[in-house]
Amino acid sequence: MNKKTNKAVVLAIANHKGGVAKTTTTLSIGFSLARKGMKVLLIDLDAQSNLTFSLFKEDAEYDSIYNAINKGMEGLPIMPVKENLDLVPSSLNLAQLEISVTGLMEREYIIADKIKPYLENYDFILLDCPPSLGIFTVNALVAADFVLIPMTAEVLPYKGLASLVVLVNQISERMNPRLSVLGILLTRYKIRNNLTKNIENAIAKVYGPLLMETHIRETTRAAEAPISRLALLEYAPNSTAAKDYEDAVDEILTRLKNNEQEA
Ligand SMILES: Nc1ncnc2c1ncn2[C@@H]1O[C@H](COP(=O)(O)OP(=O)(O)O)[C@@H](O)[C@H]1O
Ligand SMILES: [Mg+2]
């Protein structure tokens, strides 16, 4: 994708609030990009493993990012999902690593180092972050070119947005000058709801063009999709949210192109 270097665009999907559709967004965007013919690697960095479990059975046998980090495994365990789409799974014991890597030197660069050998194999690497600003979210931000911030239009996620943006700025100043916010994507969007509209207006006022034009509408079909181990775009391709994710991908590609031209 990155035409100058033929290297993958690394996109962290981050927000320390849980339930704001990080995982749904990672999978939906990844699926759509893959269907457009781009090679996509998803990396599940959340010990809860929701992304992994929405693609593979919980008792399936596979190596995970835990083995790659903790057991000195060379490279990353890459599982093919479908054409153009691969996954590095997570596992529940990743939570233990949050603590044990904290004392390591260069602990913020673990994921950046791990993905380096794969940058030329993919057009996109999407990092699904855990619901915290802990070491794995920091790792994702250090490894990424851009962060996409999914959030629901509610009071608490809105209040939390500022601390995420502060962290992104700190990391871009100190550890990763490439990093910038690609966009804030409103998810589980309730049309004709005053709170939604008010929060949307507040974000537009504070963050201006960072707020994406596309928003992802709330639909019950989205919550059903993971149970069938299918991306929303396969499970309910005609649902409002699936269509919105297609629009979000178009907007993301436009934003990336504009960014490249400015660089
Ligand atoms: N557009 C949507 N409409 C309705 N439910 C949604 C939508 N997007 C996500 N969800 C549901 O919201 C819950 C949280 O989403 P998830 O992607 O797991 O968030 P996170 O990764 O931020 O914790 C899940 O049950 C998911 O199926
Ligand atoms: Mg998640």
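In which helix is the place of V138? I shall begin with that residue, and then widen the view to the whole chain. Please keep in mind that this is a predicted model.

V138 has its place in helix α6. Is V138 buried or exposed? A residue counts as buried if 20 or more other C-beta atoms lie within 10 Å of its own. V138 has 23 other C-beta atoms within 10 Å, and it is therefore buried. Leaving aside neighbours within four places in sequence, V138 is in contact with E108 and I171. One further distance may help you to find your way in the structure. V138 and R107 are 31 residues apart in sequence, and their C-alpha atoms are 9.4 Å apart in space.

Let us now consider the helix around V138. Nine of the nine residues of α6 are buried, so this helix is largely enclosed by the rest of the structure. Those buried residues are I135, F136, T137, V138, N139, A140, L141, V142 and A143. What covers them? The covering elements include the strands β1 (9-13), β5 (124-128) and β6 (146-152). They also include the helices α4 (94-100), α5 (110-115) and α7 (155-174).

Helix α6 leads us to the nonpolar core. The largest such core has 82 residues. Its members with the most contacts inside it are L11, L127, A140, L141, A144 and V147. Which helix gives the largest share of this core? The answer is α6, residues 135-143, with seven residues. A144 shows how residues from separate parts of the sequence come together here. Not counting residues up to four places away in sequence, A144 touches V10, L11, A12, L127 and L179.

I turn next to the ligand. There are 18 residues around ligand 1, and those that come nearest are K22, T23, T24, A222 and A223. The elements that give two or more residues to this shell are α1 (22-35), β7 (180-189) and α9 (220-224). With three residues, α1 gives the most to the shell. How many residues of the shell are nonpolar, polar and charged? The shell divides into eight nonpolar, seven polar and three charged residues.

Helix α1 deserves a moment of its own. It is mostly covered, with 13 of its 14 residues buried. We can also check its length. At 1.5 Å a residue, the 14 residues of α1 should span 20 Å, and the end C-alpha atoms are 20 Å apart, which agrees. Just after α1 comes G37, which takes a positive phi of about 100 degrees.

The check on length can be repeated for helix α8, residues 194-207. Its 14 residues should span 20 Å at 1.5 Å a residue, and its end C-alpha atoms are indeed 20 Å apart. G208 follows α8, and its phi is positive, near 50 degrees.

Positive phi angles are also found at residues that are not glycine. R188 has a positive phi of about 45 degrees although it is not a glycine, and R192, also not a glycine, has one of about 55 degrees. Where do these two residues lie? R188 lies in strand β7, while R192 lies in the loop between β7 and α8. Their surroundings can be stated in numbers. R188 counts as buried because it has 22 C-beta neighbours inside 10 Å. R192 has 6 other C-beta atoms within 10 Å and is therefore exposed.

A third kind of environment is seen at K243, in helix α11, residues 240-262. K243 has 16 other C-beta atoms within 10 Å, so it is partly exposed. K243 and R217 are 26 residues apart in sequence and 9.3 Å apart in space, C-alpha to C-alpha.

Finally, let us look at the chain as a whole. Its secondary structure comes to eleven helices and eight strands. The radius of gyration is 17 Å, close to the 18 Å that the globule rule gives for 263 residues, so the chain is as compact as a globular protein of that length. Along its principal axes, the C-alpha trace spans about 50 × 40 × 35 Å. Of the 263 residues, 44% count as buried. Among contacts with a separation of 6 or more, 76% are accounted for by residues 24 or more positions apart.

To close, I return to the starting point: V138 is a buried residue, and its place is in helix α6.

Key:
Residues numbered from 1 in each chain as written. Chains lettered and ligands numbered in written order. Predicted model: local features only at pLDDT ≥ 70, side-chain atom pairs only at ≥ 80, totals over all residues. Near = placed C-beta within 6 Å. Helix = DSSP H or I, 4+ residues; strand = E, 2+ residues; numbered from the N terminus. Nonpolar A, V, L, I, M, F, W, Y, C, P; charged D, E, K, R; others polar. Expected span 1.5 Å × (residues − 1). Buried ≥ 20, exposed ≤ 12 C-beta atoms within 10 Å, placed from the backbone. Core = buried A, V, L, I, M, F, W, Y, C linked by C-beta atoms within 7 Å. Contact = placed C-beta atoms within 7 Å. Rg over C-alpha atoms; globule rule 2.2 N^0.38 Å.
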